[in-house]
Amino acid sequence: MAITWDPSRYEEFTDERMRPFMDLMARVGADSPGLVLDLGCGNGLATLRLAERWPEARIVGIDSSPEMLAAARERDTEGRVEWVEADLADWRIEDVGAAPDVIVSNATLQWVPRHLVLMETWLDALAPGGWFALQVPGNFDAPTHALMREAAVEHPRSGELEAASTRYGAGDPATYLQILSSHGLAVDAWETIYTHVLDPAGERENPVLDWVGGTGLRLMLEVLEEGEEREAFRETYAEKIKAAYPRTPAGVLLPFRRVFAVGHKS
Ligand SMILES: C[S@@+](CC[C@H](N)C(=O)[O-])C[C@H]1O[C@@H](n2cnc3c(N)ncnc32)[C@H](O)[C@@H]1O
């Protein structure tokens, strides 16, 4: 079952979500690529940054969510990007018709089963001199996710909820470094823990819940019946998360670990 993305929820924390993308792309040294692919392009905000950076390049954004792609198309007022609806699990890179010079995937591969294997075919397709850049969250043991699993264990439908929670996963920097270097790329892999300051103005009841509601919590909620059953689970989780991330004078602090890898094919 594919989860349904809500672009407006996802866009609530745009600055915080864009920062890792900017940090990732700062390590990509491509000067004038011909073809740039954005795997899991989402609402297109990051993809359009690629179009700005490389105005001559052909840019293709691939995503499985019709809702996210609709937001992306609306944002792309000049029609700079080719938007493609496809599930990366069965999308064929040959279909773009040329060897890509840059492949970017930001905050997506954790949703794609067997992505470590899929990456190998993408790396094989990369043009000589090409760049591969990925960023995935590495926060699956953080309270945001541990408390989701805790709420699931306590639920009458715990089996289904737990199954949903194991549908995502990502590697460590060394995992990606080894895959990229085994394909002949020179690799820069690292991790960062951002301390996001959510809702400094104190306008939100539970800002971490709002953040997770735009991404990880969706998998669990979609297992449950819309209405009372979903709301009860959300409330149980909301209480736990509010206690785990108390408000400070600066705002609500959300430490967030992310994993990065950039490879350059010689
Ligand atoms: C967290 S968003 C990131 C979007 C964008 N890269 C960004 O940096 O803002 C994850 C995106 O991955 C997409 N996605 C998840 N699983 C996918 C799959 N199997 N194939 C293609 N896209 C997928 C979702 O639809 C969503 O748009």
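This report covers strand pairing, the nonpolar core, salt bridges and one helix end in a predicted model.

**Strand β8 and its partners**

Strand β8 spans residues 251-265, and 11 of its 15 residues are buried, so the strand is largely enclosed by the rest of the structure. Three strands pair with β8, as described in turn below. Strand β6, residues 185-198, runs antiparallel to β8 and is joined to it over 14 bridges. In that pairing Leu185 stands opposite Lys265 of β8. Strand β5, residues 131-137, also pairs with β8 in the antiparallel sense, over seven bridges. Here Trp131 has His264 in β8 as its bridge partner. Strand β7 consists of residues 247-248 and pairs with β8 over two bridges, again antiparallel. Thr248 is matched with Gly251 in β8, and a hairpin of two residues connects β7 to β8.

**The largest nonpolar core**

In soluble globular proteins, nonpolar side chains tend to be buried together. The largest nonpolar core of this model has 27 residues, and those touching the most other members are Leu37, Trp91, Met119, Trp122 and Phe132. Strands β1 (35-39), β2, β5 and β8 each supply at least two residues of this core, as do helices α5 (115-125) and α8. The most is given by α5, with four residues. β8 therefore appears twice in this account, as a largely enclosed strand and as a supplier of core residues.

Leu37 can be described in further detail. Outside its neighbours within four places in sequence, Leu37 is in contact with Val60, Trp91, Ile93, Val96, Pro100, Val102, Ile103 and Val104. One of these, Trp91, is also among the core residues that touch the most other members.

**Salt bridges**

Side chains of opposite charge can pair when their charged atoms come close. Over the whole structure, 16 salt bridges are found. The table lists some of them, with the distance between nitrogen and oxygen.

| Basic residue | Acidic residue | N to O distance |
|---|---|---|
| Arg58 | Glu82 | 2.8 Å |
| Arg92 | Glu94 | 3.4 Å |
| Arg149 | Asp141 | 3.9 Å |

The bridge between Arg58 and Glu82 has its closest N and O atoms 2.8 Å apart. Arg58 lies in strand β2 (residues 58-63) and Glu82 in strand β3 (residues 81-85), so this pair ties together parts that are 24 residues apart in sequence. Arg58 counts as partly exposed because its relative accessibility is 30%; Glu82, at 36%, also counts as partly exposed.

In the pair of Arg149 and Asp141, Arg149 has 29% relative accessibility and counts as partly exposed. Asp141 has 71% and counts as exposed. Elsewhere, salt bridges with shared partners join Arg92, Glu94 and Asp95 into one network. Within this network Arg92 is partly exposed, at 48% relative accessibility.

**Ser182 in helix α8**

Ser182 belongs to helix α8, which covers residues 173-182. With 55% relative accessibility, Ser182 counts as exposed. A polar atom of the Ser182 side chain lies 2.8 Å from the backbone oxygen of Ile179. Glu120 is 62 residues away from Ser182 along the chain, and the C-alpha atoms of the two are separated by 9.4 Å. Although Ser182 itself is exposed, helix α8 supplies at least two residues of the largest nonpolar core.

Key:
Residues numbered from 1 in each chain as written. Predicted model: local features only at pLDDT ≥ 70, side-chain atom pairs only at ≥ 80, totals over all residues. Heavy atoms only, no water. Salt bridge = Lys/Arg side-chain N within 4 Å of Asp/Glu carboxyl O. Buried < 20%, exposed > 50% of the residue type's maximum accessible area, 1.4 Å probe, protein only. Polar contact = N/O pair within 3.5 Å; in protein donor to acceptor, adjacent residues only side chain to side chain. Pairing = 2+ DSSP bridges. Core = buried A, V, L, I, M, F, W, Y, C linked by side-chain atoms within 4.5 Å. Contact = heavy atoms within 4.5 Å.
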